[in-house]
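Let's take a walk through this fold, a piece at a time. Keep the viewer open and follow along.

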Amino acid sequence: MLYTELLRLWDEAVQAADAKDWEGALSKLEQISEPNSRIMFNTASAHLVLGQLDLALQALDLTIAKDERLAVGFFQRAAVMMQINRLEEALSDCIWAQKHMRGNMVIDYRQLGLRFKLYSWQVLYNAAAVYCRMGQWERAREVLLSASQERGGGGRGGQLEAAMDSVLRGEVLAPLQVPENVVFRPSKQDVEQLKQRDFLGKAKVISSMIPNDDFGGFEPLRMQKPGFYEPKMDGAQESRYMRMRTPYMARGEGQLTVPGGAMVFLFGDEDRDGMVTVIYDGQRGLLPVSLLEPADVKTSKGKKENRVPSGIPLPPGLKPPTRPKAQPSPAPPRVRVTSDTPPPSYTTATHAPLPASEPPKYTANAASDQDDGEAQGAEASSVVVKVHYTYTVALSVPLDIPHNELKERIAKKLGQPASQLRLRHRQHGSQVLIPLGGEGEPGHTMQEVAEAGRATLWCQTEDPLANRPILYQMVALYDYTAQGSEDLEFSEGDTIDILGEVNEEWLEGHSAGNIGIFPSCFAYRENVNITQSSEL
């Protein structure tokens with residue numbers, strides 16, 4: 001939808017609302033195919049006037065989804081929640097509204113087109129109204145007392161005093177909300193630009209080969225379609241992170257106001273009053289221990305026994321110890337690299353730029369021309385496989401090709417023995433690389449991992465290790481750069497053979513022909529029962 005058309009429909013809907021024609025306003029708003037948060041707020045206001053609470057709640061949900069920091073949106077939704085008796089959610093919306101006030105006593109929304117000022121005491125008033133409906137009269141009185149102490153309480157009048165008397169008499173408070181005739185209006189300057197203006201004047205033909213030529217038109221410029229950015233927040237996944245069971249509003253000095261379901265970090269230990277010091281939203285304060293519960297870390301269905309962090313872990317607190325001297329071992333044999341082999345070694349190719357002459361330029365078209373039996377062009381029965389090695393290659397293979405045959409083709413392309421290659425893939429929505437199953441078993445094909453005719457694999461070359469026992473195997477979650485001569489350097493997705501456990505934070509392992517120590521938090525144990533197998 002053109003921006004000019006959006007402005008025109010928005011302005012017509014506001015004019016209908018001013019004339020109390022809420023049905024007409026809704027019909028105009030529903031014609032906007034890409035509404036923003038302010039237009040959805042107006043839609044919710046129209047439904048509220050018409051008594052359609054469920055539709056108003058849906059519109060307010062979309063308003064907050066498009067603008068997660070719109071305090072007046074949470075304030076209005078809390079009032080609707082109270083009307084349909086969803087009290088816990090109403091209290092949570094009051095807490096979020098107060099949070100997005102950002103410590104201000106008032107927010108004037110006239111710059112956004114809403115002739116309304118949201119005061120902090122109004123948010124606290126609605127929170128007290130929720131407590132009244134819950135039957136928690138003492139907490140309602142405390143919240144009203146806190147609201148009466150707010151500075152800059154313009155427009156407050158005697159509402160708080162009357163509300164305090166009502167609470168003392170046990171009368172339920174009516175929620176406050178934005179008045180029905182107050183809606184978001186488009187910019188006046190933008191609306192004025194909707195009127196067509198002739199800035200250039202009509203063109204006049206001076207000379208033409210066509211008799212009686214009077215053409216003087218042109219196609220006007222069009223406004224670009226507005227876009228919206230919706231940020232995503234990744235939940236922290238550490239053992240000292242806790243989740244709030246129910247919303248909590250600060251009732252004393254040093255306490256925090258936290259909505260239900262929010263993540264907090266345990267900063268201290270429990271005191272005698274049952275309070276604990278936490279960090280939430282960059283602030284340190286106190287919360288009741290009884291309202292906290294351990295935060296569950298969600299894992300993929302195939303990895304229920306493991307906890308995989310989504311962020312790069314902090315380095316271990318201990319200094320890197322020296323490698324145990326009780327288990328000396330000679331360096332494992334290295335594979336001799338011939339002149340026609342692509343990049344010389346795994347380490348140098350991964351961490352140092354290669355000369356312009358090597359590796360050769362591999363593209364999807366070149367790969368498909370060199371392989372025998374690969375299809376020409378995109379067909380429904382083929383899949384394009386992109387392989388991340390020390391460089392990236394691509395090849396087209398049949399969709400029903402077995403994994404072992406695919407491994408042979410990749411080995412031929414890379415010039416490496418198939419027995420020393422390990423292939424891994426990443427499931428949809430996961431950051432963990434898992435082995436390509438069934439390489440030696442019949443019945444497993446590329447159809448299991450391909451999506452939309454494409455598949456991405458990670459390949460690693462492993463030298464044999466026959467003189468040291470392997471306890472188990474792990475997969476690198478992140479790149480690790482060696483900090484000393486005895487450290488083991490690896491890249492994300494590499495398989496590491498664990499040879500020994502130095503201490504609680506450091507392991508000794510083997511990867512890509514090298515043996516060294518590394519922090520255990522940089523790797524992920526994909527299978528507890530893995531032992532030394534034929535893949536080595």
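A salt bridge here is a side-chain nitrogen of Lys or Arg within 4 Å of a carboxyl oxygen of Asp or Glu. Bear in mind as you look that this is a predicted model. By that yardstick the structure holds 13 salt bridges, and one of them makes a handy starting point: R8 pairs with E12, with the closest N and O atoms 2.9 Å apart. Both R8 and E12 sit in helix α1, four residues apart, or about one turn of the helix.

Stay with α1, since two other helices pack against it. Two packed helices are described by the angle between their axes and the distance between the axes. For α1 and helix α2 (residues 22-30), those values are about 170 degrees and 7 Å. That makes α1 roughly antiparallel to α2, because angles over 145 degrees count that way. On the α1 side, L9, E12, A13, A16 and A17 make the contact, meeting W22, G24, A25, K28 and L29 of α2. So E12, the salt-bridge partner of R8, also turns up in this contact. Sorted by class, the α1 contact with α2 has seven nonpolar residues, one polar and two charged.

Now for the other neighbour. Helix α1 (residues 3-18) and helix α3 (residues 37-49) have axes that come within 12 Å and cross at roughly 30 degrees. These two are therefore roughly parallel to each other, and their crossing is left-handed. Here α1 offers L6, W10 and V14, while α3 brings R38, I39 and N42. The mix in this contact is four nonpolar, one polar and one charged.

Further along the chain, have a look at A174, in the loop between α9 (159-168) and α10 (188-192). Leaving aside residues up to four places away in sequence, A174 touches Y125 and R133. Its C-alpha atom is 10.0 Å from that of A128, although A174 and A128 are 46 residues apart along the chain.

Next come the sheets. Strands of a sheet pair through backbone hydrogen bonds, either parallel or antiparallel. One open sheet has five strands in the order β6-β5-β4-β3-β7, with antiparallel pairing. Strands β6 (283-288) and β7 (292-294) stand at the edges, each with a single partner strand, so one side of each has no neighbour in the sheet. Ignoring direction, neighbouring strands in this sheet are turned by 50 degrees against each other on average. To see one pairing up close, take β5 (residues 275-280) and β6, which run antiparallel over six bridges; M275 stands opposite P288 in β6.

There is another open sheet of five strands, ordered β9-β8-β12-β10-β11, and here the pairing is mixed. Its edge strands are β9 (392-398) and β11 (433-435), each pairing on one side only. The twist averages 35 degrees from one strand to the next. Within this sheet, β10 (residues 421-426) and β12 (residues 454-461) pair in the antiparallel sense over five bridges, and R424 stands opposite W458 in β12.

To finish, find helix α13 (residues 403-414). This helix lies across β8 (382-388), β9, β10 and β12, and runs at about 145 degrees to β9.

Notes:
Residues are numbered from 1 along each chain as its sequence is written. This is a predicted model: local features need pLDDT of at least 70, side-chain atom pairs count only at pLDDT 80 or more; totals for chains, interfaces and linings use all residues. Side-chain values use heavy atoms; hydrogens and water are left out. Axes are lines fitted to C-alpha atoms, for helices over the stretch in contact, and angles run from 0 to 180 degrees between N-to-C directions. Angles under 35 degrees count as roughly parallel, over 145 as roughly antiparallel, 65 to 115 as roughly perpendicular and the rest as oblique. A crossing is left-handed if the near helix is turned anticlockwise from the far one by less than a right angle, and right-handed if clockwise. Contact means heavy atoms within 4.5 Å. Ala, Val, Leu, Ile, Met, Phe, Trp, Tyr, Cys and Pro count as nonpolar, Asp, Glu, Lys and Arg as charged, and the others, Gly among them, as polar. Two strands pair if DSSP finds at least two bridges between them.
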